[in-house]
Amino acid sequence: MTGRHGIDRRSVLTSAALGGATIVGASALGGLDADAAFAAPMPSLDPAVSRSSFVDGRVSRIKGSTLDVVESDGTHRLVRLTNATSVWKLETVTAEAVETGDGLYARGVEMPDGSVAADAVWVNIVNLYVTVRGIERSRLHLSHGRNTLVGRIVAKRTTASFRGGALTSDLSQLKIGHHAQVLGAWRPADDSVDIARISVGH
Amino acid sequence: MASLTTDLAPLLLGVLLAATGAGKAFGRRVAGQAAGTVLVRVLNDGRRATRALRVTGAVELVVAAGLLAAPATVLPGIAAAVLGAGFLGYLGYARATAPESSCGCTARADGPITWRAFVRAGLVVVGGAAAAGARTAWWTQAARHPVASLALLVVATAVLAAFSSDLDQLWLVPLRRTRLRVFGHPLGTGRDEEVPVAASVELLERSLAWVAAAPVVRSGLIDHWEADGWRFLQFAGVHEPGGAARPVTVLFALDPRATKDTTDRPAVRVTLIDDRTDEPVPVDLLA
């Protein structure tokens with residue numbers, strides 16, 4: 001995607017970064033990608049996290065960059081998206097990709113008027129433990145508990161990880177009968193799931 | 001052949017309705033299953049919905065008994081066709097008003113209403129009409145033409161199985177397995193070798209650079225692109241030197257071919273860029 005600032009913004013950032021960036025090596029652990037939406041809350045030393053608010057519900061109305069979200073108990077919460085908000089809907093997208101009826105999980109900072117200025121928004125994100133029941137070129141047949149489910153394979157978006165390996169777009173190791181964890185974006189229109197990541201043997 | 005089909009229709013339909021009717025009338029999970037159907041909304045009560053499902057099951061059992069015991073009479077066939085038409089109406093209503101609701105058709109499947117449910121209900125209508133036209137008892141026909149009857153029963157059972165999601169485990173999955181074996185893995189070739197962005201993000205999140213920048217980063221991935229042999233990953237953050245917060249762009253750059261399989265110590269460029277001036281913020285994240 002070209003991002004909300006376009007190509008020009010990218011070249012400004014690129015030259016700024018290549019000019020005087022710190023290079024950091026070595027490794028450690030952490031995470032703030034789509035997985036983080038499901039991570040168990042844990043105490044953080046970062047004061048920003050302790051100030052974070054969370055909103056989880058369905059988008060009932062969109063007005064400009066403000067989303068009216070109805071939580072499961074019927075409470076309405078206003079979620080404000082800014083240029084600094086990341087929006088995930090199978091991949092990194094812009095705020096325009098959010099539609100009425102979408103499920104939404106947002107993390108942000110509560111404003112004095114009760115709305116939440118979102119830092120990160122995950123749209124229609126689902127995390128399922130499934131069994132692979134069929135493999136086709138563009139979709140997987142999955143069973144989840146007693147239900148069957150179609151998982152769509154989206155070119156250049158769907159990735160897989162086998163036995164703890166790095167994410168890859170090569171799905172050829174996938175087999176019928178595999179137990180897998182699927183992270184993806186639910187499609188309300190036909191109740192299928194666009195697969196972002198399928199992890200096998202973890 | 002046509003008369004053989006109509007004469008055996010009561011047997012096939014009778015066994016089918018006996019099975020689905022018994023499931024609904026006596027099944028232990030019926031209460032839980034009724035909760036997922038559109039009946040709950042129509043009857044406004046889970047217990048009434050369960051009762052409705054059990055009564056439907058009982059009616060199916062009575063019709064099944066009629067079909068099996070008195071196959072040469074018209075009434076059981078007509079009753080079955082009416083029952084099938086009722087199922088079709090119910091499915092149409094549920095599909096139109098609550099597409100996510102469960103079908104409740106066979107007392108086993110919890111899945112939403114699919115075209116297979118409609119075909120199955122349609123088969124009950126057709127089967128009922130055929131059964132109403134039966135002139136000879138099925139046991140007499142079966143005794144007269146044992147081979148043809150058996151073949152017909154096998155074909156009819158296969159057709160019914162194809163339209164019943166409960167039986168997928170028995171035939172559909174083995175069929176798919178065989179297809180993979182014969183035609184090869186459909187996802188085996190033609191995939192590009194490029195490292196997915198998700199793999200770069202995964203590598204970044206295991207790096208020291210990420211841990212060092214974590215107090216500043218607020219958003220998830222906002223944008224990504226490749227330039228000058230680097231893959232750039234853009235995040236938004238807040239830099240608070242001495243309590244004065246200012247919005248910054250946090251830019252990470254790493255080797256676009258690196259994954260956690262190829263390196264566990266990735267070199268990552270980290271830059272903070274002030275959003276108001278677009279100038280890099282001089283800061284030592286490791287300090």
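The paragraphs below lead through a predicted model, from its confidence scores to its helix packing, its aromatic rings and a few single residues.

Residues are numbered from 1 along each chain as its sequence is written, while chains are lettered from A and ligands numbered from 1 in the order in which they are written. Because the model is predicted, local features need a pLDDT of at least 70 and side-chain atom pairs count only at pLDDT 80 or more, whereas totals for chains, interfaces and linings use all residues; side-chain values use heavy atoms, with hydrogens and water left out.

The model has an ipTM of 0.84 and a pTM of 0.72. For chain B the average pLDDT, the predictor's confidence in each residue on a scale from 0 to 100, is 85, and 92% of the residues score at least 70.

A good place to begin is helix H1 of chain B, residues 2–26, where helices (H or I, at least four residues) and strands (E, at least two) are DSSP runs numbered from the N terminus. H1(B) packs with helix H6 of chain B, residues 115–132, at an angle of about 135 degrees, with the axes 8 Å apart; axes here are lines fitted to C-alpha atoms, for helices over the stretch in contact, and angles run from 0 to 180 degrees between N-to-C directions. That angle makes H1(B) oblique to H6(B), since angles under 35 degrees count as roughly parallel, over 145 as roughly antiparallel, 65 to 115 as roughly perpendicular and the rest as oblique. Where the two helices meet, B:Thr6, B:Ala9, B:Pro10, B:Leu13 and B:Leu16 of H1(B) face B:Val124, B:Gly127, B:Gly128, B:Ala130 and B:Ala131 of H6(B), contact meaning heavy atoms within 4.5 Å.

H1(B) also meets helix H8 of chain B, residues 146–162, with axes that come within 11 Å and cross at roughly 45 degrees. This pair, too, is oblique. The residues of H1(B) that meet H8(B) include B:Leu4, B:Leu8 and B:Leu12, and those of H8(B) include B:Leu152, B:Leu153 and B:Leu160. Also in helix H1 of chain B is B:Ala22, which, leaving aside neighbours within four places in sequence, is in contact with B:Leu17, B:Gly27 and B:Leu61.

The aromatic residues come next. A pair of aromatic rings is described by the distance of the centres and the angle of the planes. Rings of Phe, Tyr and Trp (its six-membered ring) pair if their centres lie within 6.5 Å, and planes under 30 degrees apart count as stacked, over 60 as edge-to-face and the rest as tilted. By this rule there are seven aromatic pairs over all chains. The rings of B:Trp138 and B:Trp139 have centres 5.3 Å apart and planes at 80 degrees, so this pair is edge-to-face, whereas those of B:Trp225 and B:Phe232, with centres 5.5 Å apart and planes at 15 degrees, are stacked. B:Trp225 is buried at 8% relative accessibility, and B:Phe232 is buried at 0%, buried meaning under 20% relative accessible area, exposed over 50% and partly exposed in between (1.4 Å probe, protein chains only). In chain A, ring pairs link A:Phe54, A:Tyr105 and A:Trp122 into a cluster.

Finally, two loop residues deserve a look for their backbone angles. Most residues other than glycine have a negative phi. A:Lys156, however, has a positive phi of about 70 degrees; A:Lys156 lies in the loop between strands E11 (147–153) and E12 (159–162) of chain A and is exposed at 58% relative accessibility. B:Asp228 has a positive phi near 50 degrees, sits in the loop between strands E1 (223–227) and E2 (230–239) of chain B, and is exposed with a relative accessible area of 63%.
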